[in-house]
Amino acid sequence: MSYNIFFILMLTLVHSTFSSLSPPDRAALESIRDSLTDMPGSSFFSTWDFTTPDPCSTFSGLACTSLGRVTTLSLGPNLSGSLSPSISNLTHLTQLVLYPGSVTGPLPPRFDSLPLLRVISLTRNRLTGPIPNSFSSLSYLHTLDLSYNQLSGSIPHFLTTLPRLKVLVLASNQFSNNLKPVSSPLLHLDLKMNQISGQLPPAFPTTLRYLSLSSNSMQGTINALAPLTELTYIDLSMNQFTGAIPNSLFGPTTSSMFLQRNNFTSISNATAISLPQGSTVDMSHNSISGELPPSLAGAESLFLNNNRFAGDIPEEYVRSLTNGTTKTLFLQHNYLTRFPWNSGSQLQDSVSLCLSYNCMETDPVVGLSTCPVEVAPLLSRPAIQCSRFYNHSSTG
């Protein structure tokens with residue numbers, strides 16, 4: 001009899017040690033559950049039954065240690081409500097994820113009690129307010145994604161100096177003011193679609209592979225980006241950047257470059273450019289002048305329209321079109337004077353070429369039908385515009 005009692009007690013001890021949720025974490029989860037609601041059609045919380053003996057194995061979105069401490073909390077999708085401050089009581093948490101939904105209100109204030117956090121992903125909800133100062137204590141944080149919310153204020157300096165941060169995504173919020181110096185060993189930095197202003201900080205980590213600052217209000221030169229020779233993706237479009245584009249950005253690893261709708265005026269040492277096959281380069285809607293660099297002809301998709309390029313189009317561009325290397329070439333709205341096309345050559349059906357509204361003496365009939373619909377119907381610029389442009393260039 002005593003043996004049976006001992007056996008039952010041992011089973012109970014094993015179950016409580018390796019299965020049951022710790023009391024502090026249970027209380028925190030109850031508070032989190034009370035602050036959130038399934039939206040119509042969602043059944044995320046249907047498994048959150050606190051009368052079950054082992055929430056760690058039955059609750060959706062939960063992972064625990066063998067001692068019943070929550071290490072992963074993944075909430076949603078399609079939840080409404082707010083994030084409970086009790087999240088900070090899950091002191092063994094390493095991953096906190098909130099999937100898209102309609103969760104509102106501020107971020108929990110006490111992240112300093114979650115020193116083991118490596119991943120925070122709270123995307124595509126309606127979170128508001130600033131990033132709490134307590135984020136400064138997250139020395140093990142690897143990934144922070146707060147994109148597509150309504151967060152505001154400045155991007156705190158401590159956020160871009162966290163020692164192990166590799167991925168920082170704050171896209172599509174309402175962050176404003178200047179971007180502070182970046183010293184974290186980032187691989188991925190995405191700050192697009194905010195209200196960030198001012199100039200670039202003086203330096204970025206050379207570890208960066210992905211950089212997006214698109215659709216902000218930044219200005220000045222981009223010389224601080226010249227050392228970033230390992231970038232594969234860069235998007236600075238729709239800002240107010242000026243000056244020369246460093247040729248080092250056109251590296252052998254750069255597969256996507258979007259610099260359109262700024263105020264760039266030139267490309268530094270364009271002869272040193274080396275583009276990988278299959279690359280996309282968009283420098284349209286700037287004020288870049290001079291002759292077309294032959295070194296850009298290897299891009300698969302090349303958008304140089306709406307600039308101030310002049311002179312003849314280099315033979316390299318024609319060869320890239322005819323051999324299929326270049327699939328899209330938009331050169332409309334410049335001051336180009338000649339397209340060296342061999343009348344016996346043919347373009348593949350998949351090629352898009354637009355040359356309209358330049359200063360060409362003869363009609364380059366090939367490819368004009370592939371111009372975007374918003375391009376002016378006039379084939380060539382009025383002669384007076386071309387005359388004034390070239391007269392001014394020769395006297396300047």
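# A guided reading of the predicted model

At a relative accessibility of 0%, Phe264 counts as buried. The structure is a predicted model, and this residue offers a point of entry to it. Phe264 belongs to strand 20. Apart from neighbours within four places in sequence, the residues in contact with Phe264 are Ile222, Phe241, Thr242, Gly243, Ile245, Leu259, Asn286, Ser287 and Ile288. Ser113 provides a reference elsewhere in the chain: 151 residues separate Phe264 from Ser113 in sequence, and their C-alpha atoms are 46 Å apart in space.

The loop that lies between strand 20 (263-267) and strand 21 (280-282) contains Asn269. The backbone of Asn269 has a phi near 45°, a positive value in a residue other than glycine. Most residues other than glycine have a negative phi, and most peptide bonds are trans. Asn269 has a relative accessible area of 48% and is therefore partly exposed, since exposed would require over 50%. Met238 also has a positive phi, in this case near 60°. The loop holding Met238 runs between strand 17 (233-235) and strand 18 (240-245). Because its relative accessibility is 41%, Met238 counts as partly exposed.

A further backbone feature concerns the peptide bond between Gly76 and Pro77, which is cis, with omega at about 15°. Pro77 is placed in the loop between strand 3 (70-75) and strand 4 (79-82).

Strand pairing can be followed from strand 12 onward. Strand 12 (residues 174-177) and strand 14 (residues 195-198) run parallel and are joined by two bridges. Within this pairing, Ser176 stands opposite Gln195 of strand 14. Strand 14 is in turn joined by two bridges to strand 16 (residues 217-220), and these strands also run parallel. Here Ser197 of strand 14 faces Ser217 as its opposite residue in strand 16. Strand 14 thus has pairings with both strand 12 and strand 16. In a regular strand the side chains alternate between the two faces of the sheet.

Toward the start of the chain, the UniProt record, an unreviewed entry, places the feature "domain: Leucine-rich repeat-containing N-terminal plant-type" at residues 23-64. In the model, this span is 40% helix and 14% strand, and its end C-alpha atoms lie 13 Å apart. Helix 2 (residues 23-35) contains Arg26. With a relative accessible area of 22%, Arg26 is partly exposed, because buried means under 20%. Once neighbours within four places in sequence are set aside, Arg26 is in contact with Leu21, Phe50, Thr52 and Pro55. Between Arg26 and Leu138, 112 residues apart along the chain, the C-alpha separation is 23 Å.

The remaining topic is open space in the model. Rolling a probe the size of a water molecule over the atoms shows where empty space is left. The largest pocket has a volume of about 210 Å³. Its lining comprises 13 residues, and those nearest the centre of the pocket are His285, Asn305, Asn306, Gln332 and Glu374. Sorted by class, the lining of the largest pocket consists of six polar, four nonpolar and three charged residues.

Key: Residues numbered from 1 in each chain as written. Predicted model: local features only at pLDDT ≥ 70, side-chain atom pairs only at ≥ 80, totals over all residues. Heavy atoms only, no water. UniProt positions renumbered as here; feature names shortened; annotations may be inferred. Helix = DSSP H or I, 4+ residues; strand = E, 2+ residues; numbered from the N terminus. Pairing = 2+ DSSP bridges. 1 Å grid on protein atoms, 1.4 Å probe; cavity = no way out; pocket = protein on both sides within 12 Å on 5 of 7 lines; lining within 4 Å. Points joined across faces, edges and corners; volume = space filled by probe spheres on them. Nonpolar A, V, L, I, M, F, W, Y, C, P; charged D, E, K, R; others polar. Buried < 20%, exposed > 50% of the residue type's maximum accessible area, 1.4 Å probe, protein only. Contact = heavy atoms within 4.5 Å.
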